[in-house]
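Reader: Hi! I'm new to reading structures, could you walk me through this one?
Author: Happy to, let's take a look together.

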Amino acid sequence: MMSNRRIGCLLSGGLDSSLIAAILVKLSKEMCLPYPIQTFSIGMEDSPDILAARQVAKHIGSEHHEVIFTADDVLNILNKVIYTLETADITTIRASCGMYLVAEYINKNTDTVVLCSGEGADEVAQGYIYFRDAPTPDDAHNESLRLLGDIYMYDGLRADRTTAAHGLELRVPFLDIRFTQYFLSLPKTMRQPQNKVEKYLLRSAFDGFGLLPNDVLWRHKEAF
């Protein structure tokens with residue numbers, strides 16, 4: 001919350017960005033910031049992410065912006081995205097197109113400069129579905145460490161490059177060193193998926209407080 005520039009939040013409607021947005025709005029009201037928190041979502045018309053993000057924004061009371069894109073929009077910026085990323089990784093390029101477009105929108109249409117985002121939660125809190133099949137808690141823990149060690153080549157690269165390309169400053173609270181050290185110090189069995197629900201510990205920590213709609217808090221991860 002310490003910034004000389006306006007703070008906003010990317011909001012996909014998934015668990016991670018929704019938690020960050022909800023906490024950000026709550027803190028902004030407690031600190032009496034002189035502006036409302038803007039949230040930004042992107043997707044195709046009436047896509048699940050757009051609808052979920054709209055629901056979250058209404059619940060938390062943010063000033064919400066929706067960016068609707070088409071296949072042609074992606075084709076038009078694809079070369080720019082690859083140039084910006086400097087990677088040939090197909091999954092990273094695909095996932096970066098939406099973030100590039102929403103960052104471009106924010107730069108051109110708002111005065112928000114500092115952006116919070118939910119990157120890192122899947123790596124720290126075992127958010128990928130395949131964590132359900134980890135043979136042991138030790139294996140799951142080691143996979144989290146591997147993902148965190150590689151994040152600069154994938155999701156970290158995507159988030160940093162696509163926002164910086166449009167003059168925006170990204171903040172990723174789930175990768176804060178104090179949070180990651182604390183979370184990874186918890187018993188390994190606590191951090192594993194429970195009842196086939198990934199990020200169970202993170203979800204249950206906020207259950208019952210009304211911070212998010214219950215169906216969003218327990219919504220399963222979906223690929224962009």
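Reader: Let's start with Cys9. Which cysteine sulfur is closest to the sulfur of Cys9?
Author: That is the sulfur of Cys116, at 5.5 Å from the sulfur of Cys9, which is too far for a bond. One thing to keep in mind is that this is a predicted model.

Reader: What does a disulfide join, in general?
Author: A disulfide is a covalent bond between the sulfur atoms of two cysteines.

Reader: And how many disulfides does a search of the whole structure find?
Author: Zero disulfides turn up when the whole structure is searched. Cys32 is in no disulfide either, and its nearest cysteine sulfur, that of Cys116, is 18 Å away.

Reader: Cys9 and Cys32: buried or exposed?
Author: Cys9 counts as buried because its relative accessibility is 0%, under the 20% cut-off. Cys32 is exposed, since its relative accessible area of 61% is over 50%.

Reader: Okay, new topic. I see arrows in the picture. How many strands form the sheet, and in what order?
Author: Five strands form an open sheet, and the order is S3-S2-S1-S4-S5. The pairing is parallel.

Reader: Which strands stand at the edges?
Author: Those are strand S3 (63-68) and strand S5 (169-171). Each has a single partner strand, so one side of each is left without a neighbour in the sheet. From one strand to the next, the twist averages 30°.

Reader: What holds strands together in general?
Author: Strands of a sheet pair through backbone hydrogen bonds, either parallel or antiparallel.

Reader: Can you take me through the pairs here?
Author: Sure! Strand S2 (residues 38-43) is joined to S3 by six bridges, and Phe40 stands opposite His65 in S3. S1 and S4 run parallel and are joined by four bridges, with Arg6 opposite Thr112 in S4. S4 also pairs with S5 in the parallel sense, over three bridges, and there Cys116 stands opposite Arg171 in S5.

Reader: How many residues of S4 are buried?
Author: Five of its five residues are buried, so S4 is mostly covered. Val113 is found in strand S4, and it counts as buried because its relative accessibility is 9%, under 20%.

Reader: What is Val113 in contact with, leaving aside its neighbours within four places in sequence?
Author: Val113 is in contact with Arg5, Arg6, Gly167, Leu168 and Glu169. Val113 and Leu10 are 103 residues apart in sequence, and their C-alpha atoms are 12 Å apart in space.

Reader: Which helix packs on the sheet?
Author: H4 packs on the sheet, touching strand S1 (6-10), S2, S3, strand S4 (112-116) and S5. The direction of H4 makes about 140° with that of S2.

Reader: Where is Thr87 found?
Author: Thr87 is in the loop between helix H3 (71-85) and helix H4 (90-109). Its relative accessibility is 17%, so Thr87 counts as buried. The side chain of Thr87 reaches the backbone nitrogen of Asp89 at 3.1 Å.

Reader: What does Thr87 touch, not counting residues up to four places away in sequence?
Author: Thr87 touches Ile82, Thr92, Ile93 and Leu157.

Reader: Last topic, rings! How many aromatic pairs are there?
Author: The count comes to five aromatic pairs. One of them is Tyr130 with Phe131, which is stacked: 5.2 Å centre to centre, with 15° between the planes.

Reader: Which of those two is buried and which is partly exposed?
Author: Phe131 is buried, at 2% relative accessibility, and Tyr130 is partly exposed, with a relative accessible area of 40%. Tyr128, Tyr130 and Phe131 form one aromatic cluster.

Reader: And why is the pair of Phe179 and Phe183 tilted?
Author: Their planes are at 35°, which is neither under 30 nor over 60 degrees, so the pair is tilted. The ring centres of Phe179 and Phe183 are 5.6 Å apart. Both residues lie in helix H8 (residues 177-185), four residues apart, about one turn of the helix. Phe183 counts as buried at 5% relative accessibility, whereas Phe179 counts as partly exposed at 25%.

Reader: Thanks, that was really helpful!
Author: You're welcome, enjoy exploring!

Notes. Residues numbered from 1 in each chain as written. Predicted model: local features only at pLDDT ≥ 70, side-chain atom pairs only at ≥ 80, totals over all residues. Heavy atoms only, no water. Helix = DSSP H or I, 4+ residues; strand = E, 2+ residues; numbered from the N terminus. Buried < 20%, exposed > 50% of the residue type's maximum accessible area, 1.4 Å probe, protein only. Polar contact = N/O pair within 3.5 Å; in protein donor to acceptor, adjacent residues only side chain to side chain. Contact = heavy atoms within 4.5 Å. Pairing = 2+ DSSP bridges. Axes fitted to C-alpha atoms, helices over the stretch in contact; angles between N-to-C directions. Phe/Tyr/Trp six-rings, centres within 6.5 Å; stacked < 30°, edge-to-face > 60°. Disulfide = S-S within 2.5 Å.
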